[in-house]
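You asked for a colleague's reading of the charged side-chain contacts in this chain. My comments follow as numbered points, to be read alongside the structure.

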Amino acid sequence: MTMRRLIQTVSVNEEPNEHTGFFLDYYVLQKEVTLEERTYSRFGLEICKRACRSDGTPYIEYRKIFDVFHTEGEAEQVLLQMARNTVTPISMKDILEDLLGTTDFQAEELFVEAV
C-alpha cells in the first residue's frame, strides 16, 4: 500500500483577473518494500494539477514516480524545490532526471484527462 502526504499547494494564475489559473499539489509517496524478509520504506513523488475548463468542468492531471528516495526528507526537499519552480506533472520526469542524473525509474504513473 502506498501512502501520500501533501507537502505544498501552489496557486498559478496565468492571466490576472481571468479564470485560467490552476493549482499544483505536491505529495511525498511512501511505500513499504520487503527484501530478504526485511521491510524498508521507499519514497517517491506525485504532482497533481487541478483546474477548471472554460465551461466549468473540472480537469485533472497527475504524475507519480515511485521508489526514488531512501528518506522522506530527500523526497520532501526535491518537492519543495519543484514547488518553488512550479513544476507541472508533464515536466516532472524530465526535471527529476536532470536533478538525479538518471532515467531509470522503475515505477511511474501518468494520467492526463482527455479534453
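1. A residue is called buried when its relative accessible area is under 20%, exposed when that area is over 50%, and partly exposed in between. By that cut-off Asp 25, with a relative accessible area of 5%, is buried.

2. Please keep in mind throughout that this is a predicted model. The mean pLDDT of the chain is 88, with 92% of the residues reaching 70 or more. Confidence is highest in helix α1, at a mean of 96, and lowest in strand β5 (residues 107–112), where the mean is 78.

3. How many salt bridges does a search of the whole structure find? The search returns five, and the points below take up three of these pairs one by one, together with a network.

4. Glu 72 and Arg 5 are joined through their side chains in a salt bridge, with an N to O distance of 2.9 Å. Because Glu 72 belongs to helix α1 (residues 72–84) and Arg 5 to strand β1 (residues 2–12), this pair ties together parts of the chain that are 67 residues apart in sequence. Glu 72, at 29% relative accessibility, counts as partly exposed, and Arg 5, at 36%, is likewise classed as partly exposed.

5. The contact between Arg 5 and Glu 72 should not be read in isolation, since these two residues and Glu 76 are linked in a network of salt bridges.

6. The buried residue of point 1, Asp 25, also has a charged partner: its side chain meets that of Arg 50 in a salt bridge of 2.6 Å, N to O. Here Arg 50 is in strand β3 (residues 38–52) and Asp 25 in strand β2 (residues 22–35), so that distant parts of the chain, 25 residues apart, are linked by the pair. Which side of this pair is buried, and which is partly exposed? Asp 25 is the buried one, at 5%, whereas Arg 50 has a relative accessibility of 34% and counts as partly exposed.

7. Strand β2 also contributes Lys 31, which pairs with Asp 67 of strand β4 (residues 58–69) across a separation of 36 residues, again linking distant parts of the chain. The salt bridge between the side chains of Asp 67 and Lys 31 has an N to O distance of 3.4 Å. Asp 67 is partly exposed, at 24% relative accessibility, and Lys 31 is partly exposed as well, at 26%.

Conventions:
Residues are numbered from 1 along each chain as its sequence is written. This is a predicted model: local features need pLDDT of at least 70, side-chain atom pairs count only at pLDDT 80 or more; totals for chains, interfaces and linings use all residues. Side-chain values use heavy atoms; hydrogens and water are left out. A salt bridge is a side-chain nitrogen of Lys or Arg within 4 Å of a carboxyl oxygen of Asp or Glu. Helices (H or I, at least four residues) and strands (E, at least two) are DSSP runs, numbered from the N terminus. Buried means under 20% relative accessible area, exposed over 50%, partly exposed in between (1.4 Å probe, protein chains only). pLDDT is the predictor's confidence in each residue, from 0 to 100.
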